[in-house]
2 protein chains.
Amino acid sequence: MGKLSRKVAIVGAGMSKFGQWWPIKQNRDLWQDALISAMNSVDQNFDMNDVEELFLGNFTADLFNHESHLAPLMAQIAGLNPKPATRFESACASSGLALRHAVISIASGMTDLVLVGGIETMTEVPTVDVTDALASASDTRLEYPAGATFPGLYAAVATAHMHEYGTKDEDLFNVAIKNYENGAQNPFAQVQMTIEQVMEDKLRKAEKRGKPTPKWKGGTPYDFLRSSSNPYIAYPLRLFDCSLVTDGAAALFLASEDVAKKYTDTPIWITGTGQGSATLQLADRKSLTSFGATKAAAETAFQMSGLGPKDIQIAEVHDCFTIAEVVALEDLGFYEKGKAVVGIREGETKRDGKLPINTSGGLKTKGHPVGTTGAAQAVEIFKQMRGRAERNRQVKFDVECALTHNLGGSGATCVIHTYEK
Amino acid sequence: MGKLSRKVAIVGAGMSKFGQWWPIKQNRDLWQDALISAMNSVDQNFDMNDVEELFLGNFTADLFNHESHLAPLMAQIAGLNPKPATRFESACASSGLALRHAVISIASGMTDLVLVGGIETMTEVPTVDVTDALASASDTRLEYPAGATFPGLYAAVATAHMHEYGTKDEDLFNVAIKNYENGAQNPFAQVQMTIEQVMEDKLRKAEKRGKPTPKWKGGTPYDFLRSSSNPYIAYPLRLFDCSLVTDGAAALFLASEDVAKKYTDTPIWITGTGQGSATLQLADRKSLTSFGATKAAAETAFQMSGLGPKDIQIAEVHDCFTIAEVVALEDLGFYEKGKAVVGIREGETKRDGKLPINTSGGLKTKGHPVGTTGAAQAVEIFKQMRGRAERNRQVKFDVECALTHNLGGSGATCVIHTYEK
């Protein structure tokens, strides 16, 4: 795997407001929202007629919406027919892979300006429930029949991490508290409340409905998160350890070095792309607390870009569950195994810390429309690196180097990108 | 869209026996069969450890098998974890697109040896019927609710072609008769009988069961195909105009020019790749009798390779319905609009004709495991160009130039490749 033979830049990026939109908005409506948002972000000279190809990530509109073959349809909405349009699927890493293949297309000289999209509408679900549809990304012959859905699989990862490294419930709460804090600053996030605001909201509702006063009234977020208001989903993971069920779309315009400057004076260069795979089944892996696909993808992306973990200033990592953020920070080399929770506890991964993680709010509060997530991570990095993140979310230093980490299933797919100015 | 910056060769290719395999064989079993077949076809020095990446086409294991995220699983079976593994979906063009993106990966210098796969098991269908699952590749908001499934959509194409060009039932029968004749020579085909053999078989069974003697007894294939033994599925398309419901997998090894000679003295070079898109809905198109996606894909592939329709000596085209083969021959420039049926009638597209089409038997008799079809088309071309097609299927001349044409849905996606020795 060599270097990219041509430089590739993001010149525009945007997303729909994430939320639970069905039936008001469907896949095609959310895609329109994302497209308009991305088009508006391009500084100058943008003409959709110059776009040569669509790379679309979607996990399973097949199961969620009984819609497959989305790429030509979304190309139609973007006015791109009869140009090429391809859908990429690798569970929750689907649009990360669309981004990767777009980068390769431009680097190869096949194209100069392309559209990358991610799309998922999870709340329609006409025939199956969401957890069942998501479970199709696990080993449905050997793992799912044994009763393991994704909360259960990541619960096994969390339990193993607790066993091996002494990780505590509170360490996972810290991830959630931080990501709620970030999401509150993101106008595109599904949940725009801090944990304190969530507590206030619940108190107000309890009073209004004449329910007994929760024991955590007047307490800290830890008191709240340790209470029955935060029930176990799959031990040791509780409700606030889980990402959201979300509808949303994201879109990015990628350009070759030959044309990028036509559209912006501040292109964000994608300098490394890495992809790894692992067995679908957790049971087939040597370790539960480290993901081989992440390690392989990181090695490739870092080798390609010439960067290392120490160069990265901010990152969006795949926090489908709080434990996944912990494992990612370790597998990416930001922390030694078992040490990420210390950095998190000391605030290093907060917006004002030395390595802000998931400034968008992450999958935890921005939301996790599964096939959209990889593209949406790149949208956040694009905004942060251009200094244009909304509200008080913008980090206080100039970001020269960033990274996105997008995971599929229980880590059977990983795609990582590095970004530089 | 430029030339390929590096030459790309097929150095091995194989497929599982196509058929209706559930529950004896599932996706993973068929994939093993295809892998072994492809590995056995590599002339020398093959080591799976040299393979760098998997490009997998699958339409909707989501709906057919409640399995998504197939790429890392199939990579595991091939021993490729933690290397990259990506699934591509564009309905029946899924593995054609996997092949295309593999070509781009090698041409870009990212990889030197990759595995391309196609896989589909259509006969499991735990929750929906096959026609309903396939219909998810049409516009499921605007087209499917109006009652149009794929036989209906292609019936509209056939009716329009009959209206515009005077095409007759017999012209479509000719496509079926030829493809049955070819499939009878393919040990990997789902149906290995000529129409005459089908007639004999049906007569024998009718006699055995004491049923009345069919009127077409002693008659020609046309008598049979015009009878109630060939019932209408969606007028004017009858049973023998439709491709089959099939389980099967295919696999190809692609190599860069730098390493191809290590594996074979007879690499088959992919010299052109083209992809096009169109509106999902037939109603949104200007013409029903010509597919814009095919025309766009052909233009790109021909421009890239420097070839034209007249250079092509054999082709595998996407005959999901007999009318689709007719339209493809016209859209690809082999015949003027309305004239393909004349060439077909005069035997030009038979194995001993001047332009053999679908020597494999095509989707009509080889079978149509939808996401596998694009890769399986390339398998046939690989065999024919190396002079190693089984039984009496090998064409009698040396094939220097060939083409595959892989369609998704009712023509909303098309991917075309050209091959040279």
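I take two strands to pair if DSSP finds at least two bridges between them. I note that the model is predicted.

**Entry 1: the strand pairing between chains**

I looked up the partners of strand β3 (residues 85–89) of chain A and found β3(B), joined to the chain A strand by three bridges. The two strands run antiparallel. Because at least two bridges are needed for a pair, I record β3 of chain A and β3(B) as paired through their three bridges. I then asked which residue in β3(B) is the bridge partner of A:F88. I find that B:F88 holds that place.

**Entry 2: the contact between the chains**

I looked up the contact between the two chains and found 54 residues of chain B set against 54 residues of chain A. On the chain B side, I list the elements that each supply at least two residues: the helices α2 (61–65), α3 (70–77), α4 (94–107) and α11 (292–305), and the strands β3 (85–89) and β8 (268–277). I sorted this side of chain B by class and obtained 23 nonpolar, 25 polar and six charged residues.

**Entry 3: the symmetry**

I next asked what rotation superposes chain B on chain A. I find a rotation of 180°, with 0.0 Å of shift along its axis and an RMSD of 0.0 Å. I therefore enter the relation as that of a two-fold axis. The same surface serves both copies, as 100% of the contact residues of chain B recur in chain A. I also looked up which residue of chain B comes closest to the rotation axis. I find B:S108, with its C-alpha at 2.1 Å.

**Entry 4: α4 and α15 in chain B**

I turned to α4(B), one of the elements on the side that touches chain A, and looked up its packing within its own chain. I find that α4(B) packs with helix α15 (residues 373–385) of chain B at an angle of about 65°, the axes being 5 Å apart. I therefore record α4(B) as roughly perpendicular to α15(B). From α4(B) I list B:S94, B:S95, B:G96, B:A98 and B:L99 in the contact, and from α15(B) I list B:T373, B:G374, B:A375 and B:A378. By class I count four nonpolar, five polar and no charged residues in this contact.

**Entry 5: α4 and α15 in chain A**

I looked up the corresponding helices of chain A. The axes of α4 (residues 94–107) and α15 (residues 373–385) of chain A come within 5 Å and cross at roughly 65°, which means that α4(A) is roughly perpendicular to α15(A). I note that A:S94, A:S95, A:G96, A:A98 and A:L99 of α4(A) meet A:T373, A:G374, A:A375 and A:A378 of α15(A). I enter the classes in this contact as four nonpolar, five polar and no charged.

Methods. Residues are numbered from 1 along each chain as its sequence is written. Chains are lettered from A and ligands numbered from 1 in the order in which they are written. This is a predicted model: local features need pLDDT of at least 70, side-chain atom pairs count only at pLDDT 80 or more; totals for chains, interfaces and linings use all residues. Two residues are in contact if their C-beta atoms, placed from the backbone, lie within 7 Å. Helices (H or I, at least four residues) and strands (E, at least two) are DSSP runs, numbered from the N terminus. Ala, Val, Leu, Ile, Met, Phe, Trp, Tyr, Cys and Pro count as nonpolar, Asp, Glu, Lys and Arg as charged, and the others, Gly among them, as polar. Copies are superposed by least squares on the C-alpha atoms of residues with pLDDT of at least 70 in both. Axes are lines fitted to C-alpha atoms, for helices over the stretch in contact, and angles run from 0 to 180 degrees between N-to-C directions. Angles under 35 degrees count as roughly parallel, over 145 as roughly antiparallel, 65 to 115 as roughly perpendicular and the rest as oblique.
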